[in-house]
Amino acid sequence: MRPILAQQKPQISHSPEETLALAKKLARTFKGDEVVFLIGELGAGKTVFAKGIAAGLGLKNTHQVCSPTFTLMNVYFARVPIYHFDLYRLAKAAEITDLGFEDYIGEGVVVVEWAEKIDFPLQAVSITIDVSDDEKRIITITN
Amino acid sequence: MKILTSIQMREIDRKTIEGIGIPGAVLMENAGIRITQAILKRFPEVAEQNIVVVAGKGNNGGDGFVVARHLFNRGARPTVLLLAKKDEVKGDAALNLAVAGRIGVEIVETPTVAEWKKHKVGVWHASIIVDAIFGTGLLKPADGIYAAAIEDINKAGAFKIAVDIPSGLSSDTHLIIGPAVKADLTVALAAPKISHVLPPAEEFIGELVVADISVPPFLFDDPCLKIELVEKTTLAPYFKRRKKDSHKGSYGHLFVLAGSLGKTGAAAMAARAALRTGAGLVTVGTPQSCLPAIARSMMELMTEALPETPQKTLSESALTMILDLMKGKDAVLIGPGISTHPSTARLITSLLPKIKSPVVIDADGLNILAENPDALRSLPKPAVLTPHPGEFARLIGRSNQDVLDRRLELAPRFSEQLGVYLVLKGYRTLIATPEGRVFINPTGNPGMATGGSGDVLSGMIASLIIQEKDVLGATLAAVYLHGLSGDIGARKLGERALVAGDLIKYLPQAIREMEF
């Protein structure tokens, strides 16, 4: 994975639109085989960020980008396939491997919500979204 | 009506409070009012009732304090048992706790099991219990004082009303995660959740009322809300009165490929149900020796004798004849009673890729597909598959229990990956679409668990598909109507005695109910 051109210092977003724009800009620098971890509490904007990544990868109709709450994985076809995971409902690490998670790495861009549940080492771009007291989002990108 | 997860509900609450600006306390007041209204409807002389509100320290308890206040205003004297210390209650719940106290509502702190035990006699003497312990955020089994309270509430003879969801259930799974209140009435706030509609959790709900607490309806238009409860009102377009200037051709011609020795009833029921559901014409293609039994079952059916194997099942040599018969047909139903004979299986797998019309695949048609994954992966579209859980388990190579426990994950994934509509039959039948949407059907009863019920359904689905352009709408309408007919039959005959033929018998009445 080549280094991401995005900043390491935290960025502030004042709205879902800003979060989306930030994610879109980041995804435009993607090679197409990145793994992205989305970390943040409920309502922080992980799915909004995922929408932005999809938009940055050229996905036309971002309405289809939804948290795959029950199906656990959604696939979207942009300039590369995007594999969107939501690990919220998974209690055990074994369930994550059951998903066949690792098969998708390298096949496209893998985006994981609630990535905190992954307990095995994985090369990934980590996006942490913190909610400040006045409802702003502090977005930190590390890889 | 959309069915939400607790996360989706929290997100909509957040958008309502922060985005639209309706204060949380206003939503809580609306919830309390709706629950009070539900109580008053069932107990008009509420002042005479002995009411206990069992409250947790969260917002569910807060809703309970509002209910207690409104009941007090009507002359009742409810007791609130708070499973916490008063100062542990925060936010809008704390606001309403204080207000209830100032009005004169009796609030008793029972923060420990020992304290609770002193007051549980009051619970047992109550005529109405309002369960306001936990709302939809619960992730792990109730324990300690909560489990004790739930157990004592369940032992009581009172009429039990659950605020939003019976305490102890998790809103995001239909499985029972721990001890839970068995409610007589549940008032779901703003929208139903999974546990309100799917069994086994659904058995704890009692009567379900969905309360409007003034969340703006457009927030539910989000395309990410993919699970819906089928409602009678949305099916109205499929039960319009017929145009006067129409003829049988206006209502399509269905081809049914069904039947084998000993299983002619399946074919007859599917075809008969299709005609009763309004198909213009129905032709049954069946093994030659099975034809008389099917032809005699209903005068209005047309039948075609097809080459058969020595075991009297459809033979693969029937392929050319079938392709010829399918010309001019608007849809084909494959499967009821055809058996899984190897020659029949070869026939079906050769036939499927050549079909140009909508296809409904049921019963042995599905069992054949389960053994032929290539055929499954290259089905003509649109295709509607109608398995029961056992058949679905075979199709996807999982256990029956897995299918039942993980149906909300497995059904839409199957539909999306293969590009087919899936009707997963059972109590609260589930319909999944190639776009990943899931619909849950509310009609039907256990009396319909009887042989042939599925054949009737497949005939009804195929029949509505040829009458309507919209495959999804036709399928939803057929499943709803099938359940409705079963409910009418169960009212007249009782559940145990109900047989599949009764589902066809009460179909006319069910259709009339839909037309109004």
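**Notebook: cores and chain A**

I began at B:Ala274. Not counting residues up to four places away in sequence, B:Ala274 touches B:Leu254, B:Val256, B:Ala279, B:Val282, B:Gly459, B:Met460, B:Ala462 and B:Ser463. I kept in mind that this is a predicted model.

Next I looked up the core around this residue. The largest nonpolar core has 162 residues. B:Ala274 is among the four members that touch the most others, along with B:Val54, B:Val256 and B:Ala270. I then asked which element gives the most to this core. The answer is helix 18 of chain B, residues 471–493, with eleven residues. I checked the domains too. Domain 1 (6–223) and domain 2 (232–515) of chain B each supply at least three residues to this core.

I found another core apart from this one, with 35 residues. Its members include A:Ala23, A:Leu72, A:Val111 and A:Ile129.

That took me to chain A. I listed three helices and seven strands. Read from the N terminus, their order is β-α-β-α-β-β-α-β-β-β.

Then I looked at the dimensions of chain A. Its C-alpha trace spans about 40 × 30 × 30 Å along the principal axes. Does the radius of gyration agree with a compact globule or disagree? It agrees, because a compact globule of 143 residues would have a radius near 15 Å and chain A has 14 Å.

Last, I looked up burial and contacts. Of the 143 residues in chain A, 39% are buried. Among contacts in chain A with a separation of 6 or more, 67% join residues 24 or more positions apart.

Definitions and conventions: Residues numbered from 1 in each chain as written. Chains lettered and ligands numbered in written order. Predicted model: local features only at pLDDT ≥ 70, side-chain atom pairs only at ≥ 80, totals over all residues. Core = buried A, V, L, I, M, F, W, Y, C linked by C-beta atoms within 7 Å. Buried ≥ 20, exposed ≤ 12 C-beta atoms within 10 Å, placed from the backbone. Helix = DSSP H or I, 4+ residues; strand = E, 2+ residues; numbered from the N terminus. Domains from an automatic or database assignment. Contact = placed C-beta atoms within 7 Å. Rg over C-alpha atoms; globule rule 2.2 N^0.38 Å.
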